[in-house]
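Me: I've got a structure open and some of the labels on it puzzle me. Can I ask you about them one by one?

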Amino acid sequence: MAEVPYEVIMLERSAEQERAKLAGLTGDEYDGQWRRWRGAAEVAQAAITAHAAAAGGNRYELEQAVKKAVRHTDEDPEA
């Protein structure tokens with residue numbers, strides 16, 4: 001697949017940041033954060049789908065490339 005758009009990477013990163021905020025929450029706080037995560041994830045997935053369709057690429061391959069890019073940028077280069 002061609003280069004992964006920066007905007008799509010940022011949307012996925014935002015969704016992952018919202019998911020990480022679920023840790024340790026319970027009850028209404030968990031439910032509210034879950035909705036924020038779910039909303040961010042839906043936006044990211046829609047962007048992946050739209051970009052793959054526009055580029056004529058494989059949606060699954062693009063999604064994997066986006067996830068890899070997000071995981072890679074979260075790593076500490078000093079570690």
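Me: Why does Glu12 count as buried?

Reply: Quick heads-up: this is a predicted model. Now, the relative accessibility of Glu12 is 4%, and buried means under 20%. The value falls under that cut-off, so Glu12 counts as buried.

Me: What makes Lys67 and Glu12 a salt bridge?

Reply: Their closest N and O atoms are 3.1 Å apart. The cut-off is a Lys or Arg side-chain nitrogen within 4 Å of a carboxyl oxygen of Asp or Glu, so this Lys and Glu pair passes.

Me: How do you know what that pair ties together?

Reply: Look at where the two sit: Lys67 is in helix H3 (residues 59-74), while Glu12 is in helix H1 (residues 6-20). The pair therefore ties together parts that are 55 residues apart in sequence.

Me: And is Lys67 buried or exposed?

Reply: Neither label fits! Lys67 has 22% relative accessibility; buried needs under 20% and exposed needs over 50%. That's why Lys67 counts as partly exposed.

Me: Which other pair forms a salt bridge, this time with Glu16?

Reply: Glu16 pairs with Arg19, with 2.9 Å between the closest N and O atoms, and the limit is 4 Å. Both residues lie in helix H1, three residues apart, which is about one turn of the helix. Glu16 is partly exposed at 26%, and Arg19 is also partly exposed, at 38%.

Me: Why do Lys21 and Glu18 get labels of their own, buried or partly exposed?

Reply: The two meet in a salt bridge at 3.3 Å, N to O. Lys21 has 44% relative accessibility, so it counts as partly exposed. Glu18 has 16%, which is under the 20% cut-off, so Glu18 counts as buried.

Me: How many salt bridges turn up in the whole structure, and which residues are joined into one network?

Reply: A search of the whole structure finds six. Bridges that share partners join Glu12, Arg59, Glu63 and Lys67 into one network.

Me: How do you know that the span of helix H2 agrees with what it should be?

Reply: H2 (residues 27-55) has 29 residues, and at 1.5 Å a residue it should span 42 Å. Its end C-alpha atoms are 42 Å apart, so the two values agree.

Me: Which residues of H2 are buried, and what follows the helix?

Reply: The buried ones include Gly32, Gln33, Ala40 and Ile48. After H2 comes Gly56, whose phi is positive, near 70°.

Notes:
Residues numbered from 1 in each chain as written. Predicted model: local features only at pLDDT ≥ 70, side-chain atom pairs only at ≥ 80, totals over all residues. Heavy atoms only, no water. Helix = DSSP H or I, 4+ residues; strand = E, 2+ residues; numbered from the N terminus. Buried < 20%, exposed > 50% of the residue type's maximum accessible area, 1.4 Å probe, protein only. Expected span 1.5 Å × (residues − 1).
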